Amino acid sequence: MPAPIRLRELIRTIRTARTQAEEREMIQKECAAIRSSFREEDNTYRCRNVAKLLYMHMLGYPAHFGQLECLKLIASQKFTDKRIGYLGAMLLLDERQDVHLLMTNCIKNDLNHSTQYVQGLALCTLGCMGSSEMCRDLAGEVEKLLKTSNSYLRKKAALCAVHVIRKVPELMEMFLPATKNLLNEKNHGVLHTSVVLLTEMCERSPDMLAHFRKVRQLSSSQLVPQLVRILKNLIMSGYSPEHDVSGISDPFLQVRILRLLRILGRNDDDSSEAMNDILAQVATNTETSKNVGNAILYETVLTIMDIKSESGLRVLAINILGRFLLNNDKNIRYVALTSLLKTVQTDHNAVQRHRSTIVDCLKDLDVSIKRRAMELSFALVNGNNVRGMMKELLYFLDSCEPEFKADCASGIFLAAEKYAPSKRWHIDTIMRVLTTAGSYVRDDAVPNLIQLITNSVEMHAYTVQRLYKAILGDYSQQPLVQVASWCIGEYGDLLVSGQCEEEEPIQVTEDEVLDILESVLISNMSASVTRGYALTAIMKLSTRFTCTVNRIKKVVSIYGSSIDVELQQRAVEYNALFKKYDHMRPALLERMPVMEKITTNGPTEIVQTNGETEPAVLETKPPPSGLQPASQANDLLDLLGGSDITPVIPTAPTSKPASAGGELLDLLGDLNLTGSPVSAPAPQIAQPPFLLDGLSSQPLFNDIAAGIPSITAYNKNGLKIDFTFERSNTNPSVTVITIQASNSTELDMTDFVFQAAVPKTFQLQLLSPSSSVIPAFNSGTITQVIKVLNPQKQQLRMRIKLTYNHKGSAMQDLAEVNNFPPQSWQ
Amino acid sequence: MIKFFLMVNKQGQTRLSRYYEHVEINKRAMLEAEVIKNCLSRSKDQCSFIEYKDFKLVYRQYAALFVVVGINETENEMAVYELIHNFVEVLDKYFSRV
């Protein structure tokens, strides 16, 4: 058989291949030749074959059949064989293969070989792919070699020790005594690897870290001063040809030492103290004209920021970063922006000084730089600079790549929410974001915005006008269209009447408004959710517009047969509103009240599904048709007189936003339009208008039946009202009172309404009653739940007012309840 | 920590590869192709550090050859940049005519 070709030939041949297929063919041919050669147990050419095999492996072809051959090569006495054998072992073998354990003995022998190069090979291989068993067996040998005087071996042994520690952390102690003298070497190779070893030890084990930090008697053997000394020598020493890189002496070692100093100085005052000087020296003396110098400065800045350095040093560091920012080299600017991002939390004011440079970086061409600059800009926004920064950021949003738009939009919303100088500015900013990056805005921003708009009452006309103009031209951006439809639905009357103080009012007719909403409904670009918004908006306009009600009815009835189930359901219900419940329509579709702002940390806080909102202290269940004549409130006010009692004032009738689910119709059937008053002080939770029937999300209290005795609050004329108490174990200042009203007379009591008032320090919430008819002869009861919030744990008192129809006449009574048991409020 | 060291030419052919962490053989080719795609799409005046998946790439172009090093976050990018240059200089000195 002819001698196998050499590696160079092989490489040359492979490179002539013009296609992938040709290359594969060549390699397969050669693999076959190598395989047959292995089978023949050819000693002379084994190493050549294995070398070729390794090359093919590097190109990505399988080469596992060469593993045993590598072992044979390692066992051979020739140095060239051993060399290829060990290389093959490093590349092909690792702990996943069972074969590797066979190497242990070979390596052990070679570690004690007479030739240092063979020892070096063994150390390299062990340090590269040694498994934990191998490391455990051979750690002793490695440790011995760590103490030799041969610097060639010492540096390799140090790196091998790093690998051993990574695989078997328990062996770290073993290497500790050897490290004592490591830093006394002159050889940079040994120094470098020793620093790596020390770094690894300090990172892995806090005990080691403490050990290296602590003060020992001989100050010359302390770690930090030693490192400082070495670093100083490196900087101060003149030109040394063997370590020079672009004019700086061994920058790699300098960077390593700085990193180790960082680890040692973190959270430790004494060590930080000892390194202050050298850090200042490095920072000022290093040449910045070449990249090498900048690399060292970068590491220095990172170290200064991490340890407990004095403030002068920190200012120096930030100034260096500022200088980096002005540099033309992209790499340096990127690195500077990254570090500034890390430090902006702690040294906010110092970073602010460089704000204009950072904002300029937003316009850079490089994607990585732009991203960093954007994150940093958001971190720097504060109350003073918000207008200017926002302008820049909005301009950036316009021109940036799509992958940034979502993050940028969210960031802008957050910043605007925190620092908006005026409501109008806030709304303008939001509108701008919606129009430029509308389709990238996150879904949960929509309810947030709606809440914001609702709350800025005086801006309604302005807002709705602007939104209308925005979607006139283009209604493809879903979030924008959703917000706009909602607003038009709510404030359509303002739009048509043309009153707007802030801007030139535009003349819009009702038909034009309906046109735009209908086109949103029809358009293919609208998502299902958006269509829902539009349909609801059209419905709401039926109460606000005067001349186009028929048109609205027509639209609504068309969608009663829509394929989209959501739309169909809405349309059918609205139709029902027009037909059967037309008298309730105005009440249902009244304006939304001002929503209490939930403490949000950002757009992600508001959950938008089905009315499941953040558990506030008292979760409101909105009343069913909440039409309370204002006269009742006045009555209560008059009657109560006492100045320390606040009446329960029904809020402006909360219109359930037309999501008249089946539940509503049922309740309407029972209740005949009298509902329970809504407790005024209880915060209203944001109700996204498109929720359907999740409004009745009763909070689930894990009530402890704490055995609080129940009381009879009222007993007169055959009407008895009992209170039973429960305390919530999630919130100790909340008491849940369940009232039961029973009728012992011979005739039913109908239209029963229970109202209650509590002193100012309390808050009260009445949930809806089970019915409004109390059957006679105690054959049934009305139950109703009251929740009382008593943060100051004062004695509970209540005034109640009862109205009902009995024996054909309207009855009304007032009473005071004072006999609350102490356990109900303490 | 350096995760891998690659030398790839402009056509995407790997000239040298060394992985310091275990990566499956078939995944290696994919990784190399993606990495070189990222590097080729950058222009001259963009910075040499790319964020790729969960590590960073530092690349440097020498004529038709790209040297790419993958590092994790603890490493100083600029030092690695210098390391690449140092390596190339060593190769140049050792083999001449690189």
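Q: What separates β5(A) from β6(A) in the hairpin that they form, and which residue in the turn has a positive phi?
A: Two residues stand between β5(A) and β6(A) in this hairpin. The turn residue A:N717 has a positive phi of about 55°. The model is predicted, with local features requiring pLDDT of at least 70 and side-chain atom pairs pLDDT 80 or more, while totals for chains, interfaces and linings use all residues, and side-chain values rest on heavy atoms without hydrogens or water. Residues are numbered from 1 along each chain as its sequence is written, and chains are lettered from A and ligands numbered from 1 in the order of writing.

Q: Why are strand β5 (residues 711-716) and strand β6 (residues 719-728) of chain A called paired?
A: Strands are DSSP runs of E with at least two residues, and helices are runs of H or I with at least four, numbered from the N terminus. Two strands pair if DSSP finds at least two bridges between them. β5(A) and β6(A) have five bridges in the antiparallel sense, and therefore the pair satisfies the definition. A:N715 has A:K720 in β6(A) as its bridge partner.

Q: What joins β6(A) to strand β7 (residues 734-743) of chain A?
A: The two strands run antiparallel and are joined by nine bridges. A:E726 lies opposite A:V736 in β7(A).

Q: Why do β2 (14-19) and β3 (49-52) of chain B count as edge strands?
A: The open sheet has five strands in the order β2-β1-β5-β4-β3 (chain B), with antiparallel pairing. β2 and β3 of chain B each have a single partner strand, so one side of each lacks a neighbour in the sheet. β1(B) (residues 2-9) is joined to β2(B) by five bridges, and B:M7 stands opposite B:L16.

Q: How do you know which residues of α25(A) meet α27(A)?
A: Contact means heavy atoms within 4.5 Å. A:V446, A:L449, A:I450, A:I453 and A:T454 in α25(A) meet residues of α27(A), including A:W486 and A:Y491. The residues of this contact divide into nine nonpolar, two polar and no charged. Here Ala, Val, Leu, Ile, Met, Phe, Trp, Tyr, Cys and Pro count as nonpolar, Asp, Glu, Lys and Arg as charged, and the others, Gly among them, as polar.

Q: How do you know the extent of the area buried between chain A and chain B?
A: Buried area is the accessible area (1.4 Å probe) that two parts lose on being put together, summed over both. For chain A and chain B the buried area is about 2,700 Å², with carbon and sulfur atoms giving 51%. A:M58, A:F252 and A:N331 supply 22% of the area that chain A buries against chain B, more than any other three residues. The contact involves 34 residues from chain A and 28 residues from chain B.

Q: What makes the pair of A:D366 and B:R42 a salt bridge?
A: A salt bridge is a side-chain nitrogen of Lys or Arg within 4 Å of a carboxyl oxygen of Asp or Glu. The closest N and O atoms of A:D366 and B:R42 are 3.3 Å apart, and therefore the pair qualifies. The rule finds three salt bridges across the interface of chain A and chain B, and 40 over all chains.

Q: Which parts of chain A are tied together by A:R136 and A:E170?
A: The closest N and O atoms of this salt bridge are 3.6 Å apart. A:R136 lies in helix α8 (residues 132-146) and A:E170 in the loop between α9 (151-167) and α10 (172-175) of chain A, so the pair links parts that are 34 residues apart in sequence.
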